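Here is a short briefing to read beside the model, arranged by topic. Keep the viewer open and follow along as each residue comes up.

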Amino acid sequence: MRLKRFSTGVALAALMAVTGIGQSVAQTAPAPAQSDIQAQRLNPAAEQAPQRAPAATPQFRMADGIIATVNDRIITGFDLRQRMLVIIAMSQVQPTEEDIPAIQQQALNDLIDQHLQAAELAKFPQLVVTEQDVDREIALMAREAGTSPENFMAFLQQGGIRPETYREQLRVESGWRDLVGGRFQDRSRVSRSQVDQALRQITEATTKTQYLVSEIYLDASRVGGMQEAVNGGRQLFQQMVQGAPFMNVARQFSAAPSAARGGDAGWMIEGTIQPALESTLATMEVGQLSSPIPVEGGVYIVYLRDKRSGDASSLVKMKQVMVQLPETATPDEVAAASQKLEAFRAGVTCDNMIERARSTPDIMGADLGESDVADLLPQFQQVARSAEIGSVSSVVRTQVGVHLLAVCDRRLGGPQAPSRQQIENRLREQNYAMLGRRYLRDLRNDALIEIKQ
């Protein structure tokens, strides 16, 4: 995100001029017909929105009094306007009269969550977020925006955002990350088998179409219902087509775990995607943004950043032991050799396979090294693609004998191939996000939340 004062300042000025905002979200546009679902080309990686003429000032009303209560904490009209200004500044949307209700709902949800998080953090006095910690958060955001911390905060102040309000938001967000990270450290750990399973799924997908996707998910339960989610999705779609950066909009509005990464959902594999999303992605071209896609529970907007046909190389490290048998061997000879290997198989691992073969008569061992799965014998390919890492196969028959195969490692070839560490980090991040959402959901369920009419 690179801050451009003109475009974002226009958006901020439009909201600053609002004297009030109504509580009803019934003034939203009608939901799109199915035929309206289409794709538009855009560049969501653009660092700044284009310069545009100011939108007409929306005419809503909102008092400065109490808007909502969260247990013993209050949310005022001033608090709500401040959070709306932050959302607009960070997403770089240019608010119109149709956009304001969705922005207001998002801001209210964010404030409720912040109050619940702050109250929970107060139970852990050992968790202290200092002013220096907040300064580091601001410095990081400024660096990502390509500016200095002083200019970053000056930009927010020019838009009417009070520094102390924004610093408090960052303090709670930072403390909440620390709390979730500490409380669920053990439960978020990723096992070797989980990484192996993810690698196996990736490897098996090398023959399938894969899509590099960024996503925005609007949770209907958080925005007032499915109709509001669809309407809000249409408004965000138009904002992005007109220049609001996808990454910024995702960070502010998306309810998916990928929101923290600017909506980056990574590579999605044909056959593992929700049907509604997969059918849309199949018709899109690289560089296109979909209009809202209704699914159970909410609405997606997806951006197709890249697409590949599934011809990526799959690399595997294998070892084998074998009993030599000609293709003309009798069934009894094959059965006897197979029984010999099955008896040898007990206790065999990648680490000891070759050594044990050397000390066993009539059994030969060999390290096959790392090979492209496509270059292996057809009988070996199925084992190479599907067996768990570290496992030893049952007996495999070829023209030259009977074999046991050990799959010692597997990876996807090519520059886009993720490492084991990258996969582990992504899985851990997903676990933290899931556990954090559940934690906050439980706090919401136990809280007394009253929205003033």
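**A turn, a core, a cavity and a disulfide**

Asn71 sits in the loop between strand 2 and strand 3. That loop is a handy place to enter this predicted model, whose chain has 15 helices and 13 strands. Of the 453 residues in the chain, 46% are buried. Among contacts between residues at least 6 apart in sequence, 77% join residues at least 24 apart.

**The hairpin around Asn71**

- Strand 2 (residues 66-70) and strand 3 (residues 73-76) run antiparallel and are joined by four bridges.
- Val70 has Arg73, in strand 3, as its bridge partner.
- The hairpin of strand 2 and strand 3 has two residues between the strands, and Asn71 there has a positive phi of about 55 degrees although it is not a glycine.
- For background, most residues other than glycine have a negative phi.
- Is Asn71 buried, exposed or partly exposed? Asn71 counts as partly exposed because its relative accessible area is 41%, which falls between the limits of 20% and 50%.

**His115, a helix residue that meets the hairpin**

- His115 belongs to helix 3.
- Which residues does His115 touch, not counting residues up to four places away in sequence? They are Val70, Arg73, Ile74 and Ile75.
- Two of these contacts, Val70 and Arg73, are also the bridge partners described above.
- His115 has a relative accessible area of 16%, so this histidine counts as buried under the 20% limit.

**A second positive phi, at Asp362**

- Asp362 is another residue other than glycine with a positive phi, in this case near 70 degrees.
- You will find Asp362 in the loop between helix 13 and strand 10 (364-372).
- Because its relative accessible area is 63%, Asp362 is over the 50% limit and counts as exposed.

**The largest nonpolar core**

- This core has 46 residues, and the members that touch the most others are Ile216, Met240, Val249 and Phe253.
- Helix 3 (residues 100-121) gives the most to the core, with nine residues.
- Take Val249 as an example: leaving out residues up to four places away in sequence, Val249 touches Ser91, Val93, Ile216, Leu236, Met240, Ala244 and Ser254.
- Ile216 and Met240 are therefore contacts of Val249 as well as being listed with Val249 among the core members that touch the most others, contact here meaning heavy atoms within 4.5 Å.

**The cavity**

- How many cavities of 30 Å³ or more does a search of the whole structure find? The search finds one.
- About 230 Å³ of space lies in the largest cavity.
- Its lining has 20 residues, and those nearest the centre are Ala102, Ile103, Glu228, Gly232 and Gln235.
- The elements that give two or more residues to this lining are helix 3 and helix 9 (226-241).
- Helix 9 supplies the largest share of the lining, seven residues.
- Helix 3 thus comes up twice in this briefing, giving residues to the lining of the largest cavity and nine residues to the largest nonpolar core.

**Ile293 and Ala276**

- Ile293 is found in strand 7 (residues 293-295).
- With a relative accessible area of 3%, Ile293 is under the 20% limit and so counts as buried.
- Ile293 and Ala276 are 17 residues apart along the chain, and their C-alpha atoms are separated by 7.1 Å.

**The disulfide**

- The structure holds one disulfide, formed by Cys350 and Cys408 with their sulfur atoms 2.2 Å apart.
- These two cysteines are 58 residues apart and link distant parts of the chain.
- Cys350 is in the loop between helix 12 (331-345) and helix 13 (353-358), whereas Cys408 is in strand 12 (residues 401-412).
- The link of Cys350 and Cys408 is left-handed, with -105 degrees about the S-S bond.
- Why does Cys350 count as buried? Its relative accessibility is 10%, and buried means under 20%.
- Cys408, with a relative accessible area of 22%, is partly exposed.

Definitions and conventions:
Residues are numbered from 1 along each chain as its sequence is written. This is a predicted model: local features need pLDDT of at least 70, side-chain atom pairs count only at pLDDT 80 or more; totals for chains, interfaces and linings use all residues. Side-chain values use heavy atoms; hydrogens and water are left out. A disulfide is a pair of cysteine sulfur atoms within 2.5 Å. Buried means under 20% relative accessible area, exposed over 50%, partly exposed in between (1.4 Å probe, protein chains only). Two strands pair if DSSP finds at least two bridges between them. A nonpolar core is a set of buried Ala, Val, Leu, Ile, Met, Phe, Trp, Tyr and Cys residues joined through side-chain atoms within 4.5 Å. On a 1 Å grid over the protein atoms alone, a cavity is a set of points where a 1.4 Å probe fits but cannot get out, and a pocket is an open set with protein on both sides within 12 Å along at least five of seven lines; lining residues have an atom within 4 Å of a point. Grid points are joined across faces, edges and corners, and a volume is the space filled by probe spheres set on the points.
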